[in-house]
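Here is a quick tour for anyone meeting this structure for the first time. Have a look at the sequence and the fold, then read on.

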Amino acid sequence: MNSTLVGVQTAPSNSVADGTSPLPLLNLNAARVLILNASFEPLHVCSVKRAVMLLMHEVAERVEDGDRVLRSPNAEFPVPSVVRLRRLVRRPYRQRVAFNRRNVFKRDDHSCQYCGERSHDLTLDHVLPRSRGGGTNWENVVACCKRCNARKRDRTPNEAHMQLRRRPSAPRFMFTSVYGVMPDIDPIWEKYLPTIKR
Ligand SMILES: [Zn+2]
């Protein structure tokens, strides 16, 4: 869940003045709008600023609004949460989420994949140790606390009698490389994202 959201209900564009007092938007450059292809396939995540430009130029249409508003002296404008391109674009290649330390921690929710401890002092563990041919990739690297890492040493989880909380895999959806990291997933986006294959 994205802790910066105060609610997940969508606000239709005409409900802004009905006393629900939506929150003003603080950061126009934050990556918080999901862009769908004309086919409803998720493409990437962009800033509110860019999404509003797409809407203004009628390149995209609103699909879901969030619970925040943009205010100008004489108008209020619901902040889009999901927009859809009017024309189908071809994806040049299938984007994969960059494999790096930061994204592994993010995928694993900053929690040790053996004991579940949440911490900002985690390390990376090769499930099948590197010395035994284990790869450095989404399927073989997990976030691990230092205690579990020391306990596991150069062994497989089986040998160390340790159990992974879930099987590691590449994140289901890769976001724009402009940001390099996965933004938090807004609950409003869930129904447009592919389901997790595990
Ligand atoms: Zn641990």
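What pattern does the chain follow, read along the sequence? It goes β-β-β-α-β-β-α-β-β-α. Bear in mind as you read that this is a predicted model.

## The chain as a whole

Counting up the elements gives 3 helices and 7 strands. The chain has 198 residues, and 26% of them are buried.

How do the contacts spread along the sequence? Take the contacts in the chain with a separation of 6 or more: 61% of them are between residues 24 or more positions apart.

## The largest core

Now for the inside. The largest nonpolar core is made of 16 residues, and V33, L34, I35, C46, A51, V82 and V83 are the ones with the most contacts inside it. Several elements chip in: strand 2 (31-36), strand 3 (42-47), helix 1, strand 4 and strand 5 (75-85) supply at least two residues each. Strand 2 gives the largest share, with 4 residues.

There is also another core, which lies apart from that one. This other core has 11 residues, including C112, V127, V142 and C145.

## Helix 1 and what follows

Which residues of helix 1 are buried? V48, A51 and L54 are. These residues sit on the same side of helix 1, because they cover an arc of only 120 degrees around its axis. Of these, A51 is worth a closer look: setting aside neighbours within four places in sequence, A51 is in contact with V33, C46, P80 and V83.

After helix 1 comes E58, in the loop between helix 1 (48-56) and strand 4 (60-72). Is E58 buried or exposed? E58 counts as exposed because it has 8 C-beta neighbours inside 10 Å. Its phi is near 55 degrees, which is a positive value in a residue other than glycine.

## Another positive phi

H110 also has a backbone angle to look at: its phi is near 50 degrees, a positive value in a residue other than glycine. You'll find H110 in the loop between helix 2 (101-107) and strand 6 (122-126). With 14 other C-beta atoms within 10 Å, H110 is partly exposed.

## A buried aspartate in strand 6

Where does D125 lie? It is in strand 6, and it counts as buried because it has 24 C-beta neighbours inside 10 Å, where 20 or more is what it takes.

And what does D125 touch? Leaving out its neighbours within four places in sequence, D125 is in contact with V142, C144, N149 and K152. There is also V141 to consider: D125 and V141 are 16 residues apart along the chain, and their C-alpha atoms are separated by 5.5 Å.

## After helix 3

Keep going past helix 3 (146-152) and you get to P157, in the segment that follows this helix. P157 is partly exposed, with 17 other C-beta atoms within 10 Å.

Which residues does P157 touch, not counting those up to four places away in sequence? They are V127, M162, Q163 and L164. V127 is 30 residues from P157 along the chain, and the C-alpha atoms of the two are separated by 6.7 Å. You have met V127 already, as one of the 11 residues in the other core.

Terms used:
Residues numbered from 1 in each chain as written. Predicted model: local features only at pLDDT ≥ 70, side-chain atom pairs only at ≥ 80, totals over all residues. Buried ≥ 20, exposed ≤ 12 C-beta atoms within 10 Å, placed from the backbone. Core = buried A, V, L, I, M, F, W, Y, C linked by C-beta atoms within 7 Å. Contact = placed C-beta atoms within 7 Å. Arc of directions from axis to C-beta.
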